[in-house]
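Biologist: I would like to go through this structure step by step. Shall we take it as short questions with short answers?

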Amino acid sequence: MPKVSDLFFKTAIVWLILGIVAGLQMAISGDHGAFPAHAHINLLGWVTSAIFGGYYALNPAKAARKIAMIHYGLYNVGLVVMLPALYLMLQGNTALEPIVALGSLIVAAAVLMFAFVVFSSSSVRLASEFSSATR
């Protein structure tokens, strides 16, 4: 399995655990005000990350490109910025709204990067495929 796929799957599991913890916290406290954050943690963190990992596993040539790792890093930076801020904002800390917006923009940029990967040609040659004579 390509490294980027493995990273996306492992990170997806971390987001799944965090989503479950958020859900349990809401259930135990009886305060479900942060349910939109819980949904974002599960859908953007767990489900979407797993889908990205699956796509790269099925397209190893694209997974080997540098942009795949940049996509992984950018996407997860966006989630780490956005999701905790969203959770806390929904619990009453409205001053975090600009942080949520920043994280959302980072996530959006990463999704556009993934769209570029998906629509780009899979016949891009890797640097390791070139002979030393052509370098």
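**A charged pair in helix 1**

Biologist: Is Asp6 buried, partly exposed or exposed?

Modeller: Asp6 has a relative accessible area of 30%. Keep in mind that this is a predicted model. Buried means under 20% and exposed means over 50%. The value for Asp6 lies in between, so the class is partly exposed.

Biologist: Which residue forms a salt bridge with Asp6?

Modeller: Side chains of opposite charge can pair when their charged atoms come close. Here the closest N and O atoms are 2.9 Å apart. The cut-off for a salt bridge is 4 Å. The partner of Asp6 is Lys10.

Biologist: Where do Asp6 and Lys10 lie?

Modeller: The two residues are four residues apart in sequence. That is about one turn of the helix. Both lie in helix 1.

Biologist: How many salt bridges does a search of the whole structure find?

Modeller: We have just met Asp6 with Lys10. The search covers the whole structure. Its count of salt bridges is one.

**The overall fold**

Biologist: How many helices does the protein have?

Modeller: From the N terminus on, the elements run α-α-α-α-α. The number of strands is zero. The number of helices is five.

Biologist: What percentage of the residues is buried?

Modeller: The protein has 135 residues. A residue counts as buried under 20% relative accessible area. The buried share is 36%.

Biologist: What share of the contacts with a separation of 6 or more joins residues 24 or more positions apart?

Modeller: Look for contacts between parts that are distant in sequence. Among the contacts with a separation of 6 or more, those between residues 24 or more positions apart account for 75%.

**The nonpolar core**

Biologist: Which helix gives the most to the largest nonpolar core?

Modeller: This core has 30 residues. Helix 1 (3-29), helix 2 (35-58), helix 4 (66-90) and helix 5 (97-119) each supply at least two of them. The top contributor gives eleven residues, and that is helix 4.

Biologist: Which residue of helix 5 in the aromatic pair with Tyr56 also appears among the residues Tyr56 touches?

Modeller: Tyr56 is one of the residues with the most contacts inside the core. Leaving out residues up to four places away in sequence, Tyr56 touches Pro2, Val4 and Phe8, among others. The list also includes Ala68 and His71. The residue asked for, also in the list, is Phe114.

**Aromatic pairs**

Biologist: How many aromatic pairs does a search of the whole structure find?

Modeller: A pair of aromatic rings is described by the distance of the centres and the angle of the planes. The search of the whole structure gives a count of eight.

Biologist: What kind of pair do Tyr55 and Phe114 form?

Modeller: Their ring centres are 5.2 Å apart. Their planes meet at 85°. Angles over 60 degrees fall in one class, so the pair is edge-to-face.

Biologist: How many residues apart in sequence are the parts that Tyr55 and Phe114 tie together?

Modeller: Tyr55 is buried, at 18% relative accessible area. Phe114 is buried too, at 13%. Tyr55 lies in helix 2 and Phe114 in helix 5, so the pair ties together parts whose separation in residues is 59.

Biologist: What is the angle between the planes of Tyr56 and Phe114?

Modeller: Tyr56 in helix 2 and Phe114 in helix 5 are 58 residues apart. Both are buried. Their ring centres are 5.9 Å apart, and the edge-to-face pair has a plane angle of 75°.

Biologist: Which tyrosine joins Tyr55, Tyr56 and Tyr75 in one aromatic cluster?

Modeller: The cluster also includes Phe8, Phe52 and Phe114. The tyrosine that completes it is Tyr72.

**Two more residues of helix 1**

Biologist: Besides Tyr72, which residue is in contact with Thr11, leaving aside neighbours within four places in sequence?

Modeller: Thr11 is in helix 1. Its relative accessible area is 14%, so Thr11 is buried. Apart from Tyr72, the contact is Asn76.

Biologist: What accessible area do Ile13, Ile17 and Val21 have together?

Modeller: Val21 is in helix 1. At 47%, Val21 is partly exposed. With Ile13 and Ile17, Val21 forms a nonpolar patch on the surface, and together their area is about 260 Å².

Definitions and conventions:
Residues numbered from 1 in each chain as written. Predicted model: local features only at pLDDT ≥ 70, side-chain atom pairs only at ≥ 80, totals over all residues. Heavy atoms only, no water. Core = buried A, V, L, I, M, F, W, Y, C linked by side-chain atoms within 4.5 Å. Buried < 20%, exposed > 50% of the residue type's maximum accessible area, 1.4 Å probe, protein only. Contact = heavy atoms within 4.5 Å. Patch = residues over 30% accessible without salt bridge, like charges linked within 9 Å, V, L, I, M, F, W, Y side chains within 5 Å. Areas by Shrake-Rupley, 256 points an atom, 1.4 Å probe, with all protein chains shown as cover. Salt bridge = Lys/Arg side-chain N within 4 Å of Asp/Glu carboxyl O. Phe/Tyr/Trp six-rings, centres within 6.5 Å; stacked < 30°, edge-to-face > 60°.
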